[in-house]
Amino acid sequence: MFTAIAALTPVISVMILLVVLKMPAVRAMTISLAATAVLAFLYWQVPLVVITASIFEGIMIGLSILYIVFGAVLLLNTLRMSGAIDTIRNGFTGISPDRRVQLIIIAWLFGAFLEGAAGFGTPAAIVGPLLIVLGFPPLAAVTLALIADSTPVSFGAVGTPVTVGVEQGLYEGGSVSAAVEPLVIQAGGMDAFIQQTAVQVMQIDLFTGTLIPLILVMMMTRFFGENRSWKEGLAVWKFAVFAGLAFTVPAFVTAYLLGPEFPAIFGGLAGLLMVVPAAKRCFLLPEEKWDFPPRKNWLDDWTGIPISGSGKREKNERPSFLMAWVPYILVGLLLVLTRLDALPFKSWLQSVTIEWQNILGTSISETLEPLYIPGFVFIVVAFAAVFLHRLKLRDLAQAAGVSAKALIGTAITLMTAVPMVRIFINSGENGAGLESMPLELAATASEVIGGAWPLAAPFVGALGSFISGSATFSNMMFTLFQVSAADQAGVDPSRVVALQVIGSNAGNMICVLNVVAAAAVAGLTGKEGAIIRKTLLPMLYYAIFAGLAGFLMILFF
C-alpha cells in the first residue's frame, strides 16, 4: 500500500501545490517534476541516466505539442487582426434571438470545430468572449463554454489526446509496454488500436455526449435565468438532442472511417450545416423565446471586467462571412489530404524527421516529424490568410510576436509537466524490483475495485485532466495504468482505455488551468471557484454515465 501511495506523488504534489496552495502552474509543475524525479531515484531506484533521458524525451514531446499550440494561436491572432473572427461572430447573431439556440450553436458546435482544429483551451478562449459580446453574462459565458468543451476534446487539436496522449501512454522507454503489446498485436498494430479506441469513445458518447447540449441549456436557465428554472431549458429538449446527434453521429462515422484526427472537426462542421438551417426555420423549437433577465438584475458575481473582441480593421474592411471561414476550411482540407494513405503527401511530410535514438545510451527514443505535426498546417494557413484577407507580412509578424509572448508560460509548463509524466511512466526500469508507477497503482486499484473498474475508469481520466491541465497529459499519464488495472480486474482493456479518454474530457470542464485561463480572458479573475462549483455537476454526470455505459457494453457486447 505504501508503494501505491508513493506512486501517487505526481498526482498528490500537483493537487496540493496547484489547488490547495494555489501556486501558479509554472511553479507547481516545476516542483512536482523535482519531487517525482527524487522519488523515482530514491524509492524506485531508477538510474539517474534514465531519469535524465526521460526528461529529454518529455521535452521533445512537449515541443511537438507547443508547435501545435503556437500554430493554432498564430492562425487565431492573424484572423483577429483581419477582422475575420468578428465577421464569424456577427454571422451567428442573425440565426436566432433565443439564447438557448445561440448557446448550442456557438458553444457546442462551433466550439467543437475549434476544439478539433486547435484544442488546448482555444474553444473557451474564443467562445467565452464571443458569448459575452452577444450579451451573455460573463460568468455564464465562461462556465457554459467549459461544459461544452468536453465531448469534442477526445479529438482536439487533430486527435492529439488520442494520437499523442494514448499512444505515448502505452510506451515504456522506447517501445510499447510488455503489458500492452498483446492488446496492440490483437488490434492489428498501434494505428489500428488507436482507431479502435476512437471508435469505442464515440460509441459511448453516442449516449453520453449527445445529452451535453441539453445539459448546457438547462444549466443556463437554472443558474442564469430570471426564474431559476430547469424546465425552461428542458423545453428545447428536442432541438438539443437533435443538435447533440448532429455532432456525435458524424463524429462516430468519421472515427470509424478516418481515425481520430477528424471526428471533432467534421462533427462540428456537419452539425453546423444541419443545425443552423434548422434553427432559422424554428425546427423542433418552441414558439416562446428565452433570454437573460435585464442587465440591471444580474447578480454581482455574473459580471467581470469588460472585454472587447474587436479585430484590427474597421467594419467595412473585414472579410465576408464566407471568406472569413476559408482559412478554417483550408485547415480541415489540408489535414485530410495529408493524412490519407492513398495520397503521397503523408509520406512526403513524414520523410522529414528529427530523431534521438537511445537517448543518453538508454532504451528511450523519440522522433519528431515537423512537417507532419498539425502545427505546420496552421502556420501555412496563417501565411495564406495574409493574402486571402489582404494583410501585410508585418501583420503576420506582429501576430507571431503576440502568439509567442502569450505562450511563454505554456512553454515552461509543458517542459516540466511532460517530463514529469515520462518519468512516471518510464519508472519500470528500476533497481528496486518494482513495476512502474502506473502499474503499481493499477495493482492496488484493481484489488480494491475489482470487476467494477469500468465505473471508476472515467474518474481516473478526469483526475488526470484536473491536475495536469490537459486531456493529452491525462491520457499520457494514465493509459498504461488503465490497461493494467482492467487486465487485473478481468475486463476488456481496450474499452477501459476509451473510458479513460472520456474521463479526461470530463475533467476538462473543471481543469484548473483551463478555468484560470478562461476566467482571465473574460475578466473574471478571482472567480475561478464559482466557475468550478458550477461545472462540477455536469462533470460528475459525464463521468458517471460514461462509466455506466462502458460497464454495460462490457457486460453485454
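Asp291 is partly exposed in this predicted model. Its relative accessibility is 44%. The side chain of Asp291 is engaged in a salt bridge with Arg99. The closest N and O atoms of Arg99 and Asp291 lie 2.8 Å apart. This pair links distant parts of the chain. Arg99 belongs to helix α6, residues 99–117. Asp291 sits in the loop between α15 and α16, the latter spanning 321–337. The two residues are 192 positions apart. Arg99 has a relative accessibility of 12%, and because the cut-off for burial is under 20%, Arg99 counts as buried. The bridge thus joins a buried Arg99 to a partly exposed Asp291.

A search of the whole structure returns four salt bridges. Side chains of opposite charge can pair when their charged atoms come close. Glu57 and Arg422 form one of the four. Their N to O distance is 3.3 Å. Glu57 lies in helix α4, residues 48–82, and Arg422 in helix α20, residues 408–426. The two residues are 365 apart in sequence, so their pairing ties together separate parts of the chain. Glu57 and Arg422 are both buried.

Asp98 and Arg100 provide another salt bridge. Here the N to O distance is 2.7 Å. Both Asp98 and Arg100 are buried.

Helix packing was examined for α14 and α15. Two packed helices are described by the angle between their axes and the distance between the axes. Helix α14 covers residues 237–258, and helix α15 covers residues 263–280. Their axes come within 8 Å. They cross at roughly 150°. The crossing of α14 and α15 is right-handed. On the α14 side, the contact includes Phe239, Phe242, Phe247, Pro250 and Leu258. Ala243, Ala246, Ala251 and Ala255 are also among the α14 residues in contact, as is Thr254. The α15 side includes Pro263, Phe266, Met274 and Val275. Gly267, Gly268 and Gly271 of α15 also take part, as do Ala264, Ala270, Ala278 and Ala279. By class, the contact of α14 with α15 has 17 nonpolar and four polar residues. No charged residues occur in this contact.

Cysteines were considered last. The whole structure contains zero disulfides. Cys511 is buried, with a relative accessible area of 0%. Cys282, by contrast, is partly exposed, with a relative accessible area of 39%.

Definitions and conventions:
Residues are numbered from 1 along each chain as its sequence is written. This is a predicted model: local features need pLDDT of at least 70, side-chain atom pairs count only at pLDDT 80 or more; totals for chains, interfaces and linings use all residues. Side-chain values use heavy atoms; hydrogens and water are left out. A disulfide is a pair of cysteine sulfur atoms within 2.5 Å. Buried means under 20% relative accessible area, exposed over 50%, partly exposed in between (1.4 Å probe, protein chains only). Axes are lines fitted to C-alpha atoms, for helices over the stretch in contact, and angles run from 0 to 180 degrees between N-to-C directions. Helices (H or I, at least four residues) and strands (E, at least two) are DSSP runs, numbered from the N terminus. A crossing is left-handed if the near helix is turned anticlockwise from the far one by less than a right angle, and right-handed if clockwise. Contact means heavy atoms within 4.5 Å. Ala, Val, Leu, Ile, Met, Phe, Trp, Tyr, Cys and Pro count as nonpolar, Asp, Glu, Lys and Arg as charged, and the others, Gly among them, as polar.
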